Amino acid sequence: MRSISIFGATGSIGENTFDLICRAGGADAFRTVALTGGRNVVRLAEMARVLRAELAVCADEACLPALREALAGTGIETAAGAQAIAEAADRPADWVMSAIVGAAGLVPGLRALRHGRTLALANKESLVTAGPLLMATAAQHGARILPVDSEHSAIFQGLVGEDIATVERIILTASGGALRDWPLEALARATVAEALAHPNWSMGQRITIDSASMFNKALEVIETREYFGIDPDKIEVIIHPESLIHSMVGFQDGAIMAHIGAHDMRHSIGYALNWPQRAPLPVARLDLAQIATLTFRAPDLGRYPALRLCRDVMATRGLAGAGFNAAKEIALDHFFSGEIGFMDMAGVVETALARLSSDLCLETDVMTLEDILGADHLARVRATEAAVALGQTRHT
Ligand code: NAD
Ligand code: MG
């Protein structure tokens with residue numbers, strides 16, 4: 001029986017993974033080793049009971065008594081905190097879903113790779129933060145990383161049987177997010193609720209705001225570079241409002257392979273779960289005659305400074321990715337709390353990265369986990385300073 005663990009089980013990707021596991025037979029078909037969540041211990045305990053997990057871990061230590069109570073008498077072990085989540089990744093499991101949001105997903109993912117596991121990677125932030133380290137760890141320990149981000153799953157599928165050396169371009173599609181049709185001058189006043197109204201995808205709150213600002217696409221450009229080893233000049237972004245083409249691979253003979261399907265993350269999660277086979281999945285089938293038209297437009301870099309910033313990050317590489325992701329997470333926190341505006345997020349990230357590059361030598365080929373976590377920490381400090389300064393000028 002195949003054993004699995006789900007990190008970030010209570011989130012949007014985690015719930016979709018749980019759904020597929022249940023449909024495929026649940027506890028009768030899989031041995032569930034560990035499930036982790038943040039604070040929603042009621043849901044975490046429910047999932048752990050259904051899958052008869054060995055261990056349930058919540059990130060917030062204050063929630064441990066409630067988790068223990070919810071699982072009392074079941075024999076399911078409980079634990080809490082970042083250390084316990086990292087230790088859960090040391091437990092043997094054949095297939096591990098990495099679906100924690102943010103840089104917090106890095107350490108558990110890395111620990112799973114060190115044990116040679118197959119890692120279904122939704123947590124793009126870990127590839128942006130520590131791509132070379134993750135890929136080298138996977139290679140060293142015979143582990144496999146399977147992309148779950150829909151674009152990267154699409155590219156991965158487009159490359160089956162192909163020689164990566166024949167790839168001329170990778171075209172990442174972007175929905176444009178909730179604010180894509182707003183006039184540029186109105187964006188500065190966009191509220192959190194407005195930026196959360198995503199036209200196509202239902203996702204966690206943080207990635208939904210990142211879609212509107214295109215920070216999500218900026219992370220995905222870097223993710224493409226790190227995962228596939230593609231030259232940044234070959235990676236393009238195009239706005240495709242229907243979000244039905246999940247991405248495209250262009251080859252040197254001019255052919256473009258496009259991956260088309262419903263916007264349902266259970267496709268790419270299911271592909272990673274069943275790989276290298278394909279199994280039936282409960283996703284909607286497209287009626288192309290009804291869809292009739294697919295449209296595209298070039299992104300305006302004035303609206304989406306994140307797309308410009310990710311190019312600088314890839315040119316520097318080294319610790320720049322860790323700094324970029326961490327500064328972005330802090331800028332997003334300050335947008336959520338109303339201290340800075342929607343268009344201020346990119347300014348905070350740019351200022352933080354400029355300061356970080358005088359604090360540290362970002363351009364390095366050899367990176368340890370400690371170097372990466374150090375850069376992540378310092379970038380958060382610098383981004384907080386930048387966001388607070390900006391917030392003060394807004395309110396005076
Ligand atoms: P989400 O916010 O819905 O869920 C995140 C999960 O992580 C939850 O279980 C939450 O409790 C847990 N968590 C949050 N902070 C934590 C911390 N500090 N330590 C431990 N656990 C913590 O997020 P999501 O939308 O499911 O996204 C998860 C990951 O997948 C992200 O990296 C995101 O970029 C990526 N992703 C998501 C989608 C999508 O459709 N939702 C698509 C592509 C990629
Ligand atoms: Mg994506």
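Which residues surrounding ligand 1 are the closest? Keep that in mind as you click through this model, which is a predicted one.

**Stop 1: the ligand**

Select ligand 1 and show what lies around it. You should find 23 residues surrounding ligand 1, and the closest are Thr10, Ser12, Ile13, Gly38 and Glu125. Try colouring that shell by class: 12 of its residues are nonpolar, eight are polar and three are charged.

**Stop 2: backbone atoms facing the ligand**

Now turn on the backbone atoms of Gly11. One of its polar backbone atoms sits 3.1 Å from an oxygen atom of ligand 1. Move on to Ile13, where a backbone N or O atom is 2.9 Å from an oxygen atom of the ligand. Then jump along the chain to Gly204: here, too, you can pick out a polar backbone atom, 2.9 Å from an oxygen atom of ligand 1.

Next, switch on a surface. On its own, ligand 1 has 820 Å² of accessible area, and the protein covers 82% of that. Which elements give two or more residues to the shell around ligand 1? Highlight helix H1 (12–23) and helix H6 (124–141), and you have them.

**Stop 3: the domains**

Zoom out and colour the chain by its domain assignment: domain 1 is 2–147, domain 2 is 154–261 and domain 3 is 317–394. Measure between the C-alpha centres of domain 1 and domain 2, and you get 26 Å. Their contact takes 12 residues from domain 1 and 13 residues from domain 2. Between them, these two domains bury about 1100 Å², with 71% of that on carbon and sulfur atoms.

Where does the ligand come into this? Its shell draws at least three residues from domain 1 and at least three from domain 2.

**Stop 4: two backbone oddities**

Go to the loop between helix H12 (266–274) and helix H13 (288–291), and select Pro276. Look at the peptide bond leading into Pro276 from Trp275: this bond is cis, with omega near 5°.

For your last pick, select Ala292, in the loop between H13 and helix H14 (305–316). Is its phi positive or negative? Ala292 has a positive phi of about 65°, although this residue is not a glycine.

Key:
Residues are numbered from 1 along each chain as its sequence is written. Chains are lettered from A and ligands numbered from 1 in the order in which they are written. This is a predicted model: local features need pLDDT of at least 70, side-chain atom pairs count only at pLDDT 80 or more; totals for chains, interfaces and linings use all residues. Side-chain values use heavy atoms; hydrogens and water are left out. A residue is near a molecule or strand if one of its heavy atoms lies within 4 Å of it. A polar contact is a pair of N or O atoms within 3.5 Å; within protein, one must be able to donate a hydrogen and the other to accept it, and residues adjacent in sequence count only if both atoms are side-chain atoms. Accessible areas come from the Shrake-Rupley method with a 1.4 Å probe; for residues, only the protein chains shown count as cover. Helices (H or I, at least four residues) and strands (E, at least two) are DSSP runs, numbered from the N terminus. Ala, Val, Leu, Ile, Met, Phe, Trp, Tyr, Cys and Pro count as nonpolar, Asp, Glu, Lys and Arg as charged, and the others, Gly among them, as polar. Domain bounds come from an automatic or database domain assignment. Contact means heavy atoms within 4.5 Å. Buried area is the accessible area (1.4 Å probe) that two parts lose on being put together, summed over both.
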